[in-house]
Amino acid sequence: AVVSTQSTGNKTPYTVTLFDTSGSDGDVQLISELAFPNTNVFVLCYSVVNPTSLNNIERVWLKRIARYRKKAVTVLVGLRTDQRVETTQNVISYFQAKDFARKHGLTGFTECCAFDQNRTDLLKELLVKCYNDNSREQCCIQ
């Protein structure tokens, strides 16, 4: 799925286009060829209650975007944080994910939940900050 929207961050208009690459390998290959070369910010999402999703970022996605990361910032986002308290089995802690982000040289890291508007607003701010800082350093790991 492709979602495109226009917004204003720091009074400067910008366009955000999101590509959901969770589909088949054929879809991912096509999106990779079309979108990745012009990407400014990669947002790598995982579920805090599904360790396989974080493993896939390391095993698949970091390799897939490696040649494009030189000119783009990369932000790790943990999702479903509301479910972390509901289960104690195989959850990824905030600190484990933060260490993962640092270990892999990612620009930013945060967690959010769709039910917590405050955290989703912070996510938007983080993405704009990482992009506006124009830095590939780990400036935005919260």
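Which residues in α2 are buried? I put this to the predicted model and found that Ser53, Leu54, Ile57, Trp61, Leu62 and Ile65 are the buried residues of α2.

I then looked up the geometry of α2, which has 15 residues and reaches 20 Å from its first C-alpha to its last, close to the 21 Å expected at 1.5 Å a residue. I also noted a kink of about 40° in this helix, centred on Ile57. On the side chains of α2 I recorded that Arg64 lies over the face of Trp61, at 5.0 Å from the ring centre.

Next I turned to the largest nonpolar core, which has 21 residues, with Phe36, Leu44, Tyr46, Leu54, Ile57, Leu76 and Phe100 making the most contacts inside it. At least two residues of this core come from each of α1 (25-35), β3 (41-47), α2 (51-65) and α4 (94-103), and α2 gives the largest share, five residues. Another core, of five residues, lies apart from it and includes Val75, Val77, Cys112 and Leu123.

For Tyr46 I listed contacts beyond its neighbours within four places in sequence, among them Leu54, Ile57, Leu76, Ile92 and Phe109.

Last, I checked the aromatic pairs, of which the structure holds two. The ring centres of Tyr94 and Phe95 are 5.4 Å apart with the planes at 90°, so I entered this pair as edge-to-face. The rings of Tyr94 and Phe109 have centres 5.2 Å apart and planes at 50°, so this pair is tilted. Because Tyr94 belongs to helix α4 and Phe109 to strand β5 (residues 108-111), the tilted pair ties together parts that are 15 residues apart in sequence. Phe109 is buried, at 0% relative accessible area, whereas Phe95 counts as exposed at 58% relative accessibility.

Conventions: Residues are numbered from 1 along each chain as its sequence is written. This is a predicted model: local features need pLDDT of at least 70, side-chain atom pairs count only at pLDDT 80 or more; totals for chains, interfaces and linings use all residues. Side-chain values use heavy atoms; hydrogens and water are left out. A nonpolar core is a set of buried Ala, Val, Leu, Ile, Met, Phe, Trp, Tyr and Cys residues joined through side-chain atoms within 4.5 Å. Buried means under 20% relative accessible area, exposed over 50%, partly exposed in between (1.4 Å probe, protein chains only). Helices (H or I, at least four residues) and strands (E, at least two) are DSSP runs, numbered from the N terminus. Contact means heavy atoms within 4.5 Å. The expected span of a helix is 1.5 Å times one less than its number of residues. The bend at a residue is the angle between axes fitted to the seven residues ending there and the seven starting there. Rings of Phe, Tyr and Trp (its six-membered ring) pair if their centres lie within 6.5 Å; planes under 30 degrees apart count as stacked, over 60 as edge-to-face and the rest as tilted. A charge sits over a ring if NZ of Lys or CZ of Arg is within 6 Å of the ring centre and within 35 degrees of the ring normal.
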